[in-house]
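Reader: Please take one part of this model and examine it closely, going from a single loop position to the elements around it. I would like the cut-offs stated along the way, so that I can judge each assignment myself.

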Amino acid sequence: MLRYLPFLLVLALWIYAFIDCLNTPENEVRGLPKVVWVLIILLFGEVLVGPVAWLVAGKVRHGGGRPGEGTGPRHEWVAPDDNPEFLKSLKDDQAKQDEKLLKDWEEDLRRREEELKRREAGEDPKES
């Protein structure tokens, strides 16, 4: 099993670089067009030249690790219960459900009131 490990590592790197290249937007590809990078990765993947070249020189890498470093856009993740847009969408959905439930209750109440009035007037409620 151990003798297959180098082959599996090369294959994993090859697949990772290929998928990373395909998923990278065209404006983040450096040096060559994206199609050329895909061909380089596929043609020189067995000897690791293509995947390593892609990982080193093909893609614009955003700074990692520490906040404030890097040249890429900063994304600040917010928990759903702290995200005002998410909470507003929940409130909107809940408000619509509440309005529908209220209308159903009002309709049921009106129907029961009319039925009660008919009974008091001596009419048979099952006739209508």
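Author: L48 sits in the loop between α2 and α3, where helices (H or I, at least four residues) and strands (E, at least two) are DSSP runs numbered from the N terminus. This is a predicted model, in which local features need pLDDT of at least 70 and side-chain atom pairs count only at pLDDT 80 or more, while totals for chains, interfaces and linings use all residues. Residues are numbered from 1 along each chain as its sequence is written, and side-chain values use heavy atoms, with hydrogens and water left out.

The backbone at L48 has a phi near 65°, which is a positive value in a residue other than glycine. With a relative accessibility of 28%, L48 counts as partly exposed, a class that lies between buried (under 20% relative accessible area) and exposed (over 50%), with a 1.4 Å probe and protein chains only.

On either side of this loop are the two helices that it joins, α2 with residues 34–43 and α3 with residues 49–58. Their axes come within 7 Å and cross at roughly 145°; axes here are lines fitted to C-alpha atoms, for helices over the stretch in contact, and angles run from 0 to 180 degrees between N-to-C directions. On the α2 side W37, I40 and I41 take part, and they meet G50, P51, A53, W54, A57 and G58 of α3, contact being heavy atoms within 4.5 Å. Sorted by class, these residues are 7 nonpolar, 2 polar and no charged, where Ala, Val, Leu, Ile, Met, Phe, Trp, Tyr, Cys and Pro count as nonpolar, Asp, Glu, Lys and Arg as charged, and the others, Gly among them, as polar.

Two residues of this contact also form an aromatic pair, and a search of the whole structure finds 1 such pair. W37 and W54 are arranged edge-to-face, at 5.6 Å centre to centre and with 65° between the planes; rings of Phe, Tyr and Trp (its six-membered ring) pair if their centres lie within 6.5 Å, and planes under 30 degrees apart count as stacked, over 60 as edge-to-face and the rest as tilted. The pair links distant parts of the chain, since W37 belongs to α2 and W54 to α3, 17 residues apart. W37 is buried at a relative accessible area of 6%, and W54 is buried at 0%.

Helix α1 (residues 5–23) also meets α3, with axes that come within 9 Å and cross at roughly 45°. That angle makes α1 oblique to α3, because angles under 35 degrees count as roughly parallel, over 145 as roughly antiparallel, 65 to 115 as roughly perpendicular and the rest as oblique. The contact is made by L13, W14, Y16, A17, D20 and C21 of α1 together with P51, V52, W54 and L55 of α3, and its residues are 9 nonpolar, no polar and 1 charged.

Against α2, the axis of α1 comes within 10 Å and crosses at roughly 170°, so that α1 is roughly antiparallel to α2. W14, A17, F18, C21 and L22 of α1 make this contact with K34, W37, V38, I41 and L42 of α2, a set that divides into 9 nonpolar, no polar and 1 charged.

C21, found in helix α1, brings these contacts together at one residue. C21 is buried, with a relative accessible area of 0%, and, leaving aside its neighbours within four places in sequence, is in contact with K34, W37, V38, I41 and W54. From C21 to V35 the C-alpha to C-alpha distance is 9.1 Å, across 14 residues in sequence.
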